[in-house]
Each structure stands twice: as structure tokens, then as C-alpha cells.
Amino acid sequence: MLNEWFPNVKWDSMWEATMETLYMTAISVLATFILGAILGLLLFLTSKGNIWENAAINKIISAFVNIFRSIPFIILIVLLIPFTKLLLGTMIGEDAALPALIIGAAPFYARMVEIGLREIDKGVIEAAKSMGAKTSTIIWKVLLPESMPALVSGITVTAIALVGYTAMAGVIGAGGLGNLAYLEGFQRSRSDVTLMATVIILVIVFIIQFIGDIITTKLDKR
């Protein structure tokens, strides 16, 4: 039945492309979560009235986040080609897409982390301070646990964006479903290949959103 509806689809190639997309998404989401959380914490902690208040450092980090968050992803990939070649020795393949994916998504997620931290009741932080808690204790025992629903919700949105980024990266040779849809589907006028790649990307997005919603609901104590 599927072969009748999608006569030009090579299922082994489609499976391989799906695995490449999942690989790029998984690695970049993990790296984005860590780097974005660090940047978001620094943005929050160095802002006015917080533990590490430092206007200069806050402005530098904020400028870095704003610049890389504002660059369209397809342009960012091109800008990072020299860096990617220096780092990995190539600009082709799924590994070559990772630097652009991470650098493109981490600043976006960092702002979400900062917003999540700002929603924490200041009274909770002040109570921890008054009890003599160290900064590390406040971060690990107060800030991160209290903001975790927002952090998970934010990384869910970011992960979905990253799936779209992998498709764009595929157009310039990064592999994955985007590459397959463009080379085997669009360029060869095989609309069934493009359609199937799109359907699989949609399924991945729905699964990510479903898992993210479940985790956020369980973590939200309100």
C-alpha cells in the first residue's frame, strides 16, 4: 500500500535520514540545554539586584545572546563554515551541522531560562540567603528546581525549532530528512519523497511536544 502511494521513496534511505535527523536533534538539544542554562543563569545572576550583580558582564553576555539569537539560521550556517571546517575538518555531514545548531539555539534558550528564573518568587531566594545558603546551594536547590517547569517547557520549544533547523541544514549538505527532501524530492520532482520526509518531521515534532508537555505537567506544582 505504501509503495503504491509513495513509489519513489527508498525506505532504507528514509530510515537513514530519519536517524541522522534524530542524531543531530538529540546532540544539539543536550548541548543547547547545558549551554543555554549556563548563559541564562549568568544573565539572571549578574542582573541588577541579584547575587552576582555586574552590569558589564551582564551587558556582554546579553549582547552575545542578542546577536546570535537574531541571525537567521541559514545565514549563521554560512557564517560558521570557516569555524566548522577548523573544528571538524569538513562542512558536510550531520556532525558538521552541530556547531551551527548549538550556537543558533543556545542563545534563544538562554533567554527562556532567564525569563523562567525571573518568575521565581524573590521571597524564596531571600529566605535561602537569610539562612546562610551558599550561591551554589541557591542555584542547585532553589533556582533550578523552582524554574524547572519553565526550563523543560523552554527546551521543548527549542527542540522543535532545532528539528526545523536540521531540515534547513540538510539543504546545504548536513544530511537528514531535509537533505533527502531537497535532493531526492525537490530537485528530482519527486513530491512523494518530500511529502514523506515532511510527515516524518511532523511526527518527530509531535512526539517531542507530547513528551515535553507530560514532563512539564509532572514538574509543575502549582
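**Exercise 1. Determine how Glu-114 and Arg-118 are placed relative to each other in helix 6 of this predicted model, and which salt bridges involve Glu-114**.

Solution.
Step 1. Glu-114 and Arg-118 are separated by about one helical turn, because they are 4 residues apart in helix 6.
Step 2. A salt bridge requires a side-chain nitrogen of Lys or Arg within 4 Å of a carboxyl oxygen of Asp or Glu. For Glu-114 and Arg-118, the closest N and O atoms are 3.0 Å apart, and the pair forms a salt bridge.
Step 3. Glu-114 also forms a salt bridge with Arg-111, where the closest N and O atoms are 2.7 Å apart. These two residues both lie in helix 6, 3 residues apart, which is about one turn of the helix.

**Exercise 2. Classify Arg-111, Glu-114 and Arg-118 as buried, partly exposed or exposed**.

Solution.
Step 1. The cut-off for a buried residue is under 20% relative accessible area, and an exposed residue has over 50%.
Step 2. Glu-114 has a relative accessibility of 8% and therefore counts as buried. Arg-111, at 13%, likewise counts as buried.
Step 3. Arg-118 has a relative accessible area of 46%, so this residue is partly exposed.

**Exercise 3. Locate the salt bridge of Lys-129, and state how many salt bridges are counted and which residues are joined into a network**.

Solution.
Step 1. Lys-129 forms a salt bridge with Glu-126, with the closest N and O atoms 3.7 Å apart.
Step 2. Both residues belong to helix 7 and are 3 residues apart, about one turn of the helix.
Step 3. Lys-129 counts as partly exposed because its relative accessibility is 33%; Glu-126, at 44%, also counts as partly exposed.
Step 4. Arg-111, Glu-114 and Arg-118 are joined into one network by salt bridges that share partners. The count of salt bridges comes to 3.

**Exercise 4. Describe the largest nonpolar core and the surroundings of Met-14**.

Solution.
Step 1. The largest nonpolar core has 48 residues, and Met-14, Leu-143 and Leu-177 have the most contacts inside it.
Step 2. Elements giving two or more residues to this core include helix 2, helix 6, helix 7, helix 9 (176–186) and helix 10. Helix 8 gives the most, with 12 residues.
Step 3. When residues up to four places away in sequence are not counted, Met-14 touches Val-9, Leu-177, Leu-180, Val-193, Met-196, Ala-197 and Ile-200.
Step 4. Another core, of 5 residues, lies apart from the largest one; among its members are Leu-43, Ile-61, Val-65 and Ala-110.

**Exercise 5. Place Trp-15 in the fold and assess its exposure**.

Solution.
Step 1. Trp-15 lies in helix 2, which covers residues 11–45.
Step 2. With 57% relative accessibility, Trp-15 counts as exposed.
Step 3. Trp-15 and Gly-176 are 161 residues apart along the chain, while their C-alpha atoms are separated by 9.5 Å.

**Exercise 6. Examine the nonpolar surface patch that includes Val-203, and the spans annotated as "transmembrane region"**.

Solution.
Step 1. Val-203 is located in helix 10, residues 191–219, and counts as partly exposed because its relative accessibility is 41%.
Step 2. Val-203 contributes to a nonpolar surface patch of about 740 Å², whose other residues include Leu-195, Val-199, Phe-210 and Leu-219.
Step 3. The unreviewed UniProt entry annotates residues 22–45, 57–81, 87–110, 150–173 and 193–215 as "transmembrane region".
Step 4. In the model, the span 22–45 is 100% helix and 0% strand, with its end C-alpha atoms 34 Å apart. The span 150–173 is 92% helix and 0% strand, and its end C-alpha atoms lie 34 Å apart.

Technical notes:
Residues numbered from 1 in each chain as written. Predicted model: local features only at pLDDT ≥ 70, side-chain atom pairs only at ≥ 80, totals over all residues. Heavy atoms only, no water. Patch = residues over 30% accessible without salt bridge, like charges linked within 9 Å, V, L, I, M, F, W, Y side chains within 5 Å. Areas by Shrake-Rupley, 256 points an atom, 1.4 Å probe, with all protein chains shown as cover. Buried < 20%, exposed > 50% of the residue type's maximum accessible area, 1.4 Å probe, protein only. UniProt positions renumbered as here; feature names shortened; annotations may be inferred. Core = buried A, V, L, I, M, F, W, Y, C linked by side-chain atoms within 4.5 Å. Contact = heavy atoms within 4.5 Å.
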